[in-house]
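Colleague: I would like to learn how to read helix packing and chain symmetry in a model. Can we go through one case together?

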2 protein chains.
Amino acid sequence: MFVKRWLVGDPLKTAQASHERLSKTLALAIFSSNAISSVAYATEEILLVLILAGTAAVAWSIPVSLAILFLVLVLTISYRQIIYEYPEGGGAYIVARSNLGELPALIAAGALMIDYVLTVAVSIAAGVAALTSAIPILFPHREALGLLSILFIVVMNLRGVRESGKFFAFPTYFAIGALALMVLLGTIQSFMNPGAMPIAPPTGTSDTMEGLTLFLILRAFAAGCSAVTGMEVISNGVTAFRAPESRNAATTMIWMSGILAFLFMGISWMAFHYGVLAKPDETVVSQLARLTFGSGIIYYTVQIGTMLLLVLAANSAFAGFPHLSSILARDGFMPHQMATFGDRLVFSNGIIILGFFASLLLVVFEGDTHALIPLYAIGVFVSFTLSQAGMVRRWIIKKGLHWRGKLVVNGIGAVTTGIATIIIASTKFMHGAWIVFLLVALLIVMFRGIRTHYKAVAEQVALTRDARPPRPRRNIVIIPIGGVNRSVVRAVDYARSRGGEIRAILVDVDKEETALVEIKWAQWGGGVPLIVVPSPYRSILGSLLDYIEDQRQQDPDCWITVVVPEILPARWWQNILHNQRALMLKASLLFKDRVVLTDVPFHLTR
Amino acid sequence: MFVKRWLVGDPLKTAQASHERLSKTLALAIFSSNAISSVAYATEEILLVLILAGTAAVAWSIPVSLAILFLVLVLTISYRQIIYEYPEGGGAYIVARSNLGELPALIAAGALMIDYVLTVAVSIAAGVAALTSAIPILFPHREALGLLSILFIVVMNLRGVRESGKFFAFPTYFAIGALALMVLLGTIQSFMNPGAMPIAPPTGTSDTMEGLTLFLILRAFAAGCSAVTGMEVISNGVTAFRAPESRNAATTMIWMSGILAFLFMGISWMAFHYGVLAKPDETVVSQLARLTFGSGIIYYTVQIGTMLLLVLAANSAFAGFPHLSSILARDGFMPHQMATFGDRLVFSNGIIILGFFASLLLVVFEGDTHALIPLYAIGVFVSFTLSQAGMVRRWIIKKGLHWRGKLVVNGIGAVTTGIATIIIASTKFMHGAWIVFLLVALLIVMFRGIRTHYKAVAEQVALTRDARPPRPRRNIVIIPIGGVNRSVVRAVDYARSRGGEIRAILVDVDKEETALVEIKWAQWGGGVPLIVVPSPYRSILGSLLDYIEDQRQQDPDCWITVVVPEILPARWWQNILHNQRALMLKASLLFKDRVVLTDVPFHLTR
């Protein structure tokens with residue numbers, strides 16, 4: 001408990017909850033890092049695909065990047081409409097549920113859940129890659145560094161929203177500034193010195209040379225689509241903004257998209273211009289930073305900034321995942337513990353589950369960004385498409401002010417993201433996207449199984465309107481004793497403080513011992529009758545259960561209370577020196593109807 | 001439970017216990033296999049030491065074997081006296097406790113416990129070696145075969161004494177017969193053909209050649225002392241014999257010693273005569289059986305017999321260890337659960353613990369007999385010496401009929417085993433015997449720690465003679481509810497069936513919800529007052545604990561009963577879909593004085 005308090009801080013009152021709202025500056029830091037940080041790996045993933053067709057094919061990175069820029073534009077405009085339409089938070093699940101029905105909503109939910117986990121794993125892997133690019137001796141420790149980072153973020157998030165916001169705001173702006181400086185300087189240099197020679201491509205790529213097919217270009221586009229992941233984050237978290245929530249969120253969205261577009265296009269342009277290609281042990285951004293600033297202090301600043309930004313991107317999933325889980329839990333699709341606030345007004349369960357699965361993924365894929373990328377983005381684009389399609393349906397049914405214009409905007413959004421989804425799914429399917437489809441299907445089965453269970457529970461505990469509460473029944477109170485000591489006297493004291501037909505039960509294992517107990521009982525029994533039962537099997541538990549069963553058969557309608565005098569040792573390990581009779585008794589009685597067990601603890605002090 | 005019944009059979013009545021007594025034929029099978037089976041490895045261990053000084057030194061195996069034969073004789077005579085003097089079972093612990101005091105008794109107990117574990121591990125390792133000598137392809141699977149054998153014996157023993165006796169009697173006699181046939185035939189052949197050439201010794205031993213020193217011969221003697229381990233088993237288990245117990249036990253002892261002496265000397269003689277030496281992958285006995293019978297069916301019969309005998313030797317420890325544990329438990333030196341009979345009138349806990357530690361040892365020493373031997377025998381000889389010394393002291397103090405003669409017998413026993421103990425301890429100390437001394441010391445610390453704890457408990461729960469049982473107190477009964485459903489109605493029904501000041505507590509998390517619950521309560525509350533408590537921290541648990549604390553402070557003398565309506569899912573995995581409130585509440589209330597928690601389970605059926 002002390003450790004928990006120290007790590008996650010004191011609990012907050014409900015009244016403090018509204019103070020947890022975020023200013024635009026803080027919200028940009030928390031919600032935009034996910035989208036903006038993608039620039040650290042998106043260009044590199046495009047180049048990694050194109051290089052398969054040789055160094056000449058790398059020129060296609062510019063048109064591919066422009067196509068992705070178009071996606072950013074479309075998503076920005078269409079998501080602004082969702083922000084205004086769903087001020088209570090318009091995640092894909094909510095939009096799909098209210099406009100398309102349950103199955104599309106669950107598909108969106110499953111896809112988003114998986115992508116939250118992937119966001120954490122990919123961002124942490126890329127963040128660690130940024131660090132190991134700058135400090136190569138850390139390269140063998142990628143996995144451990146990744147796991148430590150996730151642990152760090154989990155603890156930070158368990159401390160609560162505002163504090164993690166504060167903690168993360170400075171590094172976000174620091175990273176954006178560092179990357180922007182690099183892009184600005186690098187782009188200016190590239191125009192001042194247009195004839196810079198491309199760096200020689202890494203050898204060995206010619207072995208696996210493929211033709212520059214349309215499929216390859218589409219694959220490059222699909223890989224680059226990881227750049228726009230995280231753009232939906234603001235629309236999910238509108239309620240976290242200060243009033244006017246929608247307006248502040250929409251403004252933040254514009255800022256986020258602008259920064260993303262600028263950095264992504266700048267990096268793609270620089271990579272093309274300087275002929276930088278992906279290396280296994282150094283990221284493209286690291287190479288660009290070295291070219292721009294040399295290997296001095298500013299280079300390290302850019303790398304550290306990039307790493308921090310990626311860590312914060314992982315952090316943004318820790319706001320989204322528990323939020324989505326709690327919405328699903330309220331609808332009965334997730335365990336209802338997920339719906340409740342934790343100590344720090346955050347959804348502790350969701351944070352811990354997300355941290356666990358992201359760590360698992362990181363270990364399975366050995367902390368390698370490129371290995372994780374084929375699984376990524378597909379979930380996000382499925383949910384993009386579902387929410388845009390949902391908005392289209394909404395305008396058609398709801399109509400309202402300027403509905404035709406809004407319909408066109410979301411229509412373009414739906415078609416564009418739909419095409420992108422098909423491209424991503426078809427080009428990545430064999431490289432791992434099938435895993436995502438399988439997992440989404442499994443999640444949907446799980447969601448529905450959970451809801452079916454809760455419905456069954458609700459039906460079973462429901463009270464019928466015309467029934468009456470039962471009349472009071474008999475209650476036979478049984479105190480099983482093995483001897484007479486302070487613990488037993490305490491249990492008798494407890495039993496006598498309430499009503500019921502109280503009796504102590506002694507199992508007769510040893511005649512002499514039984515006689516001794518009977519004598520002591522006369523003094524200490526407090527008037528409670530002592531019943532001695534035989535023990536043909538030498539089993540105290542068995543004889544006791546037989547007696548209880550007899551009582552139940554004599555009066556099936558009565559309650560039976562078993563009051564167990566239990567000695568609780570002062571130290572936990574001393575438990576192995578004591579019979580776990582109470583535990584065994586409880587296990588034996590658990591499925592007997594109307595038999596209730598009460599431990600009366602007697603605490604030892606040494 | 002079904003699995004347990006199927007594996008270990010139905011429970012037996014106490015009246016059946018006396019039928020569990022063993023006839024001499026059965027007792028010889030159960031108790032002698034430990035001692036007799038040692039012939040499978042004792043000669044080999046002697047040869048393994050002597051060969052270090054070259055093949056000529058192997059001739060010393062005969063005098064060494066004769067010295068061990070003398071030990072067998074001395075032990076037989078002196079243990080017969082113990083059997084008659086301690087008809088209730090005269091293990092070294094009991095003899096030392098009643099004649100020498102607590103510390104010698106605990107040393108004996110610790111040494112014996114360790115040797116029981118070693119008996120299982122060594123016997124199983126040697127049994128598997130007998131098998132893999134005959135079927136070499138099983139050699140790489142030694143460890144797995146050993147572990148499976150231990151598991152098999154554990155299950156057999158959990159089935160009860162007599163049944164395992166039946167099960168084991170046939171193979172014991174079968175094995176003794178097979179080995180006796182081999183020794184007879186082999187010895188006759190050796191005398192008919194006295195000039196047989198020794199087989200060439202294995203190469204490579206000359207590299208590590210040592211001089212034939214007295215130390216080496218003593219080391220060979222110490223290694224061979226493993227032959228007499230298990231001779232004390234009968235004296236521990238006199239009570240398991242049919243009446244007249246002591247006489248039957250003494251007769252069985254003679255038979256056992258005779259068989260042991262015959263087989264051991266025969267094998268040693270044959271090994272010397274045929275010049276058989278130890279090989280890593282084939283035992284000496286296996287080589288002798290091949291020489292005597294060729295590699296046909298009779299050879300395999302001898303090997304299987306040897307293996308079964310060794311498995312049964314391991315089995316005999318499963319009778320001794322739980323027995324010793326229960327005696328120690330009754331004296332307060334072991335957890336008192338060990339003192340109680342299990343379902344099948346055997347000491348289930350001890351059986352399981354012995355199986356676990358023997359398996360552990362087998363895994364640590366990779367199932368290799370030779371690696372385990374240095375740890376072995378030392379414990380047995382310490383206990384031999386202590387019990388013989390105890391008997392000497394007994395005769396001096398008690399005197400009685402023919403006491404001087406008895407004193408001489410046990411005196412010779414004490415001196416002989418004492419010298420053997422010193423030889424074993426000094427020659428094996430660096431090879432692993434130090435581990436045994438360390439473990440004995442640790443066990444003694446544990447024994448005493450356990451007794452100290454029980455004494456402290458007894459003092460704490462003791463009733464003072466002049467005190468009176470307390471007068472009945474108030475009992476405030478609190479039913480925490482979150483809504484009104486059948487589970488809550490059931491808890492109210494239970495609470496109303498006994499007395500006390502009953503009240504339901506609703507933590508006010510949501511005003512509307514609270515109002516709804518209050519309306520429903522009017523219909524279903526059965527007259528129990530509903531108290532709504534505020535929830536400033538949104539923590540239902542916290543508010544509830546605050547309320548309970550308030551009540552305690554208002555009347556520190558009263559009992560507080562918390563009756564928790566608990567929904568129990570139909571399937572165990574559904575538990576993760578339900579709040580573990582009762583569990584958390586219990587954990588929070590565990591250390592509050594005079595607060596008692598009662599779950600009222602509501603069983604779901606689907």
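**Helix packing and symmetry**

Modeller: This is a predicted model. In chain B, helix α2 (residues 24–37) packs on helix α13 (residues 297–330) at an angle of about 125 degrees, and their axes are 7 Å apart.

Colleague: How is the angle between α2(B) and α13(B) to be classed?

Modeller: Angles over 145 degrees count as roughly antiparallel and those from 65 to 115 as roughly perpendicular. The two helices α2(B) and α13(B) are therefore oblique to each other. The crossing of α2(B) past α13(B) is left-handed.

Colleague: Which residues in α2(B) meet α13(B)?

Modeller: On the α2(B) side they are Ile30(B), Phe31(B), Ser33(B), Asn34(B), Ile36(B) and Ser37(B). Their partners in α13(B) include Leu309(B), Leu312(B), Ala313(B) and Ser316(B). By class, this contact has 9 nonpolar, 5 polar and no charged residues.

Colleague: What turn and shift lay chain B on chain A?

Modeller: A turn of 179 degrees with a shift of 0.1 Å along the axis does so, at an RMSD of 0.2 Å. That is the relation of a two-fold axis. Gly499(B) is the residue of chain B that comes closest to the rotation axis, with its C-alpha at 2.1 Å.

Colleague: Why can one say that the copies meet through the same surface?

Modeller: Because 100% of the interface residues of chain B are also interface residues in chain A.

Colleague: What is the radius of gyration of chain A, and what would a compact globule have?

Modeller: Chain A has 32 Å, whereas a compact globule of 606 residues would have a value near 25 Å. The C-alpha trace of chain A spans about 110 × 60 × 45 Å along its principal axes. Chain A has 22 helices and 5 strands.

Note on methods
Residues are numbered from 1 along each chain as its sequence is written. Chains are lettered from A and ligands numbered from 1 in the order in which they are written. This is a predicted model: local features need pLDDT of at least 70, side-chain atom pairs count only at pLDDT 80 or more; totals for chains, interfaces and linings use all residues. Axes are lines fitted to C-alpha atoms, for helices over the stretch in contact, and angles run from 0 to 180 degrees between N-to-C directions. Helices (H or I, at least four residues) and strands (E, at least two) are DSSP runs, numbered from the N terminus. Angles under 35 degrees count as roughly parallel, over 145 as roughly antiparallel, 65 to 115 as roughly perpendicular and the rest as oblique. A crossing is left-handed if the near helix is turned anticlockwise from the far one by less than a right angle, and right-handed if clockwise. Two residues are in contact if their C-beta atoms, placed from the backbone, lie within 7 Å. Ala, Val, Leu, Ile, Met, Phe, Trp, Tyr, Cys and Pro count as nonpolar, Asp, Glu, Lys and Arg as charged, and the others, Gly among them, as polar. Copies are superposed by least squares on the C-alpha atoms of residues with pLDDT of at least 70 in both. The radius of gyration is taken over C-alpha atoms; the globule rule is 2.2 Å times the number of residues to the power 0.38.
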